[in-house]
Amino acid sequence: MDVVVAVGIVVGAVVVVFGVVGVHWYLWRRLVRDTTERGSIARRAGTGVIIAGTALLIGAVASESAGVPFLLTRIIAWPGYMWGALFLYLVLWLVVGELVRPLFRRWIARSSVEAVEVPEIGGALQGRPTPVSRRLFVSRSVGAAATLAAVSTVGYGTHSVLAGPRVKQLTVPLANLPRAAHGFRITVVSDIHLGPILGRGFAERVVETINGTQPDLVAVVGDLVDGSVEHLRSAVEPLSRLHARHGAYFVTGNHEYFSGAEQWIDHVRELGLRLLANSRTELPYFDLAGVNDIQGGRIGQGPDFAAALGDRDLARTAVLLAHQPVQIHDAVEFGVDLQLSGHTHGGQLWPGNFLASLANPTVAGLERYGDTQLYVTRGAGAWGPPVRVGAPSDITVIELASTQA
């Protein structure tokens, strides 16, 4: 059986490698080979950009876990991750261009022009245009349009992140909630991802937005950081200024366990956040519980629903903070009324939402599972490229509603 698993892993790795190489070859062919002359400066430059961009992306991903100095990680991260986003949308827009290409060729073919005069690198230097074939003209036109569309898409997505998350308002009725708790406001934030790209300035915008919602309680549902306490102490400091009548609570996400979870657990307490690590607290009107992220199991600190919920009074409403939506099935078993999660980023980069739906029961929004409701926020920040397309960031104000009111 072990041999079969090993063979499967090897075959899968080979398929992935060939797939990645194939996509890069497609991009190079359409944007470089089909649009430039062999041996030209333009072809060499285009090839160099693709190779350098890919190398920077690999470096950005690897440096976060390879002990690379944080300053160097920050220098690599911006161009590397931005190339990753640009690469994705260059490929997608070029695929769209494949549909346009034959129509464009047919339109050109109907004209009586055998060649089109356009400025070529060599010709431009001599102050004259150079005639190119219709095929080359089509390739350059489609390539230029795809590049413009990809740059515009990534530019819009970057502005969407750096401008900060928007506030969403959502009312959630709970059958067991007492009338006195009607209108209780929980501001939910997840996936801030402070690290080599998003830093202190971004944290300040998030804190200002949360405090502006005037919450009764703040729930920070994991993936606060991508990096060590040593490197991000200044970046997270603004979280000490979170204000809520019943306090701010925190549960770990999977990225905390990539960044030194034990140190972060101590540090979030120093910031004034109240840690819910497989535990709960009894608020005046309901129980608030929290479980560790699944990733914590690697160091013996995985989620323990029995510890957090096993001996509670079932007559009281229970709200659970759990980073990953897949934890909903345990929440249902333990009679939770409402689970608040993040993790998915809503897919972050379309069509990532389709991939996220394969691994998560809910990608974003409110859904019901038995007697338990699950709300998944898209998160405030971004992992990898600071870009969101089709999945705007959010901070959500959950207003609890009593059906007895």
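**Exercise 1. The main core**

Task: In this predicted model, find which residues have the most contacts inside the largest nonpolar core, and which helices and strands each supply at least two residues of this core.

Solution. Start with the core itself: the largest one has 37 residues, and Leu-194, Leu-239 and Leu-273 are those with the most contacts inside it. Next, go through the secondary structure. Helices α3 (70-110), α6 (200-212), α7 (229-236) and α8 (261-270) each supply at least two residues, and so do strands β5 (217-221) and β6 (248-251). Of the contributors, α6 gives the most, with five residues.

Now zoom in on Leu-239. Skipping residues up to four places away in sequence, Leu-239 touches Leu-194, Ala-203, Val-207, Leu-224, Leu-271 and Leu-273. Apart from this core lies another one, of 23 residues, with Phe-184, Tyr-249, Phe-286 and Tyr-375 among them.

**Exercise 2. The sheet**

Task: Work out the strand order of the six-stranded sheet, then say which strands stand at the edges.

Solution. The order reads β3-β14-β4-β5-β6-β7, in an open sheet with mixed pairing. Check the two ends: β3 (166-174) and β7 (274-275) each have a single partner strand, so one side of each is left without a neighbour in the sheet. For β3, that partner is β14 (residues 394-402); the two run parallel and are joined by nine bridges. To find your place in this pairing, look for Thr-171, which stands opposite Glu-399 in β14.

**Exercise 3. Rings along α3**

Task: Classify the aromatic pair Trp-83 and Phe-87, then do likewise for Phe-104 and Trp-107.

Solution. You'll need two numbers per pair, as a pair of aromatic rings is described by the distance of the centres and the angle of the planes. The structure holds seven aromatic pairs; here are two of them.

- Trp-83 and Phe-87: the centres lie 6.1 Å apart and the planes make 50 degrees, giving a tilted pair. These two are four residues apart in helix α3, so about one helical turn separates them. Both Trp-83 and Phe-87 are buried.
- Phe-104 and Trp-107: the centres are again 6.1 Å apart, but the planes are at 20 degrees, so this pair is stacked. Planes under 30 degrees apart count as stacked. Phe-104 and Trp-107 are three residues apart in α3, so they too are separated by about one helical turn.

One last step: is Trp-107 buried or exposed? Its relative accessible area is 56%, and the cut-off for exposed is over 50%, so Trp-107 is exposed. Phe-104 and Trp-107 also form one aromatic cluster with Phe-137.

How values were computed. Residues numbered from 1 in each chain as written. Predicted model: local features only at pLDDT ≥ 70, side-chain atom pairs only at ≥ 80, totals over all residues. Heavy atoms only, no water. Pairing = 2+ DSSP bridges. Core = buried A, V, L, I, M, F, W, Y, C linked by side-chain atoms within 4.5 Å. Buried < 20%, exposed > 50% of the residue type's maximum accessible area, 1.4 Å probe, protein only. Contact = heavy atoms within 4.5 Å. Phe/Tyr/Trp six-rings, centres within 6.5 Å; stacked < 30°, edge-to-face > 60°.
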